[in-house]
Amino acid sequence: MDKIIIHGGRRLKGEVQVSGAKNSALPLLFATLLASGKHRVANVPHLRDINTVEKLLRILGADVVRENGSFAVDASEIRSVEAPYDLVRTMRASVLVLGPLLARLGHARVSLPGGCAIGARPIGLHLKGLEAMGAKIALDHGYVEARAKRLQGARIYFDLPTVGGTENLMMAAALAKGTTVLENAAREPEILELAEALNKMGARVEGAGSDTVVIEGVDELRPMDHAVMPDRIEAGTFMVAAAITRGDVLIAGVIPDHLEALISKLKEAGAEILEGERGLRVKGPRKIGSVNIKTNPHPGFPTDMQAQFMALMTLGAGTSIITENVFENRFMHVCELQRMGADIVIEGHTATVKGVKGLLGAPVMATDLRASASLILAGLAADNTTEVSRIYHLDRGYERIEDKLRGLGASIERVKEPM
Ligand code: EPZ
C-alpha cells in the first residue's frame, strides 16, 4: 500500500491544471447505456473510481476503449443487467446504472450499496421515483430487482435534493413514455452537464440547474459525444492549498461560477482571488481569518469542500463554526487533524475550530476521499513531516495530486509502505 510523505512549510507558487470532473464523468459514462452505438466521452480523469466504471460497463457487455483520457463506449450489445455487490460496494455511484438499464432494457439488478464512512447514504428516493414511473421494485438478497415494460412519465417530488437521485431519474425519464417532472431536484453543475449531454443524445430535458427539471421522454437516443467539464472540487482543493500555504497559485481551467460559495468564504478568510482568462489566481493571506461555514446542496457551500476548508480554519486567527448539513458522519478527519495539533470540538453535526499558531507534522490516516485531501493540505502547512496512509481513498478522486503539488513547489512524494 502507498502512503504520501510531505515536508511542510513551503509556499505554493505557479500554475496547476484542473482535471475532468469525477462526479460528472461517472453519470456521463453510465448514460452511454441509454443508447446503442459508439459514444465518445473525453477529458475523463484517471482515477480509481473511473477504473471501476470501466469494469462495470464491460461486465454489462459494453465495449470500452480508453485512450488519453477519452472513452469510446459501444453499448449496442448489453449482455447483463446486473451490477454486482463487489463493484457497487467499492463505488456507490454504480447505482446510476439503474435508471439507464431499466429505461432501455426494462430490467436492472443492482446491489444495494450498503453503508459508507460518511453516512448511511440510502437510495430510497431513487427507488421511490422509479416506482412512481411504474417500475416494479423488489429487494432480493441485497439486490434491487427492478422491472418495467416501459417507464411512464410522472411528477416526482424529492424529500431532499439528492444529486444521485436526480441523475438516475433524469436518465430513466429520457426514454420514458410521456413527461416527467422532478421537483426539489438537485441543482449541482454536474446535473446541468448531464442534461446537456442527454440533450445532445436527442433527449428533451429542460430546467436542469433549477429545482424543477422537466423531461419529455423519447423513443430512442443516439450516441453521446461530450467532453467532461473541469472538476470544481479538485479546483477548490488547490484553492485552499494556495491559501493554507500563503502561496500564489493560478488554478487553470476552473469555472468560477461553480465555486461561488467557496470563493466568497476564502475571500472572507482573507485570500485574494483574481479571475483571469486562464482561471482563478489565489493569493493566500498572511493572516488567515476564521469564518463560519454551513454545508448545503448547491448553490450552498459544498460538503465535498468541508474537510479541506476545516484544515484551513485550524490555522485561523480566531474561532470558526463548521456545520455539516448534508452527511451525518463527515467529521472523520477531525481526529487526525487533532493529532497534528488542531483544536477542534465536535458537537453533533457542528465542529468548533479554534485556530492554532501552527500544525505539527505527524503520521495520519485517511478515512474517506475528502478527508484524505484535508490531511494533505494540513501536511503542506505543518512543521516537519506528515505521513498520510490509506491513500487509496485519495486516488478515488484526485489525479496525480502529489505530482501537481510538487509542480507548485511542495515537498511531497508517494512511497510504498513496507509490508
Ligand atoms: C453526490 O453523492 C456526490 N457523489 C458526493 O460526492 C457528494 O458529496 C454528494 O452528491 C452531495 O453533494 C457523486 O456525484 C458520485 P446525494 P450522492 O444523493 O448522489 C441523502 C465525493 O466526495 N439521501 O445528494 O450519493 C444522503 O444520505 C462524493 O466526491 C437519502 O436520504 O449524494 C445524503 O445525506 C462524496 N436518500 C443526502 O441525501 C436517497 O435516496 C445527499 O445525498 C438519496 C440521498
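Helices, taken as H or I runs of at least four residues, and strands, taken as E runs of at least two, are DSSP runs numbered from the N terminus. The exercises below apply these terms to a predicted model.

**Exercise 1. The chain as a whole**

Task: Find how many helices and strands the protein chain has, and decide how its radius of gyration compares with what the globule rule gives.

Solution: Begin with the count, which is 14 helices and 24 strands in the protein chain. Next, take the radius of gyration, which is 21 Å, and set it beside the 22 Å that the globule rule gives for 419 residues; the two values are close, so the chain is as compact as a globular protein of that length. Then consider the extent along the principal axes, where the C-alpha atoms fill a box of roughly 65 × 45 × 40 Å. Finally, turn to burial and contacts: buried residues make up 58% of the 419 residues, and among contacts with a separation of 6 or more, 74% join residues 24 or more positions apart.

**Exercise 2. The surroundings of the ligand**

Task: Work out which residues come nearest to the ligand, and which helices each supply at least two residues of its shell.

Solution: Start with the shell of 22 residues around the ligand, of which Leu-125, Thr-162, Val-163, Asp-304 and Val-326 come nearest. Sorted by class, the shell holds 11 nonpolar, 6 polar and 5 charged residues. The helices that each supply at least two shell residues are α1 (22–31), α5 (124–132), α6 (163–174) and α12 (369–381). Now look at individual atom pairs: a polar backbone atom of Leu-125 is 2.7 Å from an oxygen atom of the ligand, a backbone N or O atom of Gly-164 lies 2.8 Å from a ligand oxygen atom, and an N or O atom in the side chain of Arg-370 is 2.8 Å from an oxygen atom of the ligand. As a last step, consider the cover, since the ligand on its own has 820 Å² of accessible area and the protein covers 85% of it.

**Exercise 3. Two covered helices**

Task: Determine how many residues of α1 and of α4 are buried, and what the buried residues of α4 pack against.

Solution: In α1, 9 of the 10 residues are buried, and among them are Lys-22, Leu-26 and Phe-30. Helix α4 (residues 98–105) is also mostly covered, with 6 of its 8 residues buried, namely Leu-98, Gly-99, Pro-100, Leu-101, Leu-102 and Ala-103. The packing partners of these buried α4 residues are α1, α2 (48–60), β7 (107–111), α5, β9 (143–147) and α6. Just after α4 comes Gly-106, which has a positive phi, near 75°.

**Exercise 4. Buried or exposed?**

Task: Classify Glu-336 and Ala-362 as buried or exposed, and list their contacts beyond four places in sequence.

Solution: First place each residue: Glu-336 is in helix α11 (residues 333–339), while Ala-362 belongs to the loop between β21 (350–354) and β22 (363–365). Glu-336 has a relative accessibility of 12%, and because buried means under 20%, Glu-336 counts as buried. The value for Ala-362 is 10%, so Ala-362 is buried by the same cut-off. Leaving aside neighbours within four places in sequence, Glu-336 is in contact with Val-364, Met-365 and Leu-375, whereas Ala-362 is in contact with Arg-339, Met-340, Thr-385, Thr-386 and Glu-387. To finish, compare sequence and space for one pair: Ala-362 and Lys-200 are 162 residues apart in sequence, and their C-alpha atoms are 49 Å apart.

Note on methods. Residues are numbered from 1 along each chain as its sequence is written. This is a predicted model: local features need pLDDT of at least 70, side-chain atom pairs count only at pLDDT 80 or more; totals for chains, interfaces and linings use all residues. Side-chain values use heavy atoms; hydrogens and water are left out. A residue is near a molecule or strand if one of its heavy atoms lies within 4 Å of it. A polar contact is a pair of N or O atoms within 3.5 Å; within protein, one must be able to donate a hydrogen and the other to accept it, and residues adjacent in sequence count only if both atoms are side-chain atoms. Accessible areas come from the Shrake-Rupley method with a 1.4 Å probe; for residues, only the protein chains shown count as cover. Ala, Val, Leu, Ile, Met, Phe, Trp, Tyr, Cys and Pro count as nonpolar, Asp, Glu, Lys and Arg as charged, and the others, Gly among them, as polar. Buried means under 20% relative accessible area, exposed over 50%, partly exposed in between (1.4 Å probe, protein chains only). Contact means heavy atoms within 4.5 Å. The radius of gyration is taken over C-alpha atoms; the globule rule is 2.2 Å times the number of residues to the power 0.38.
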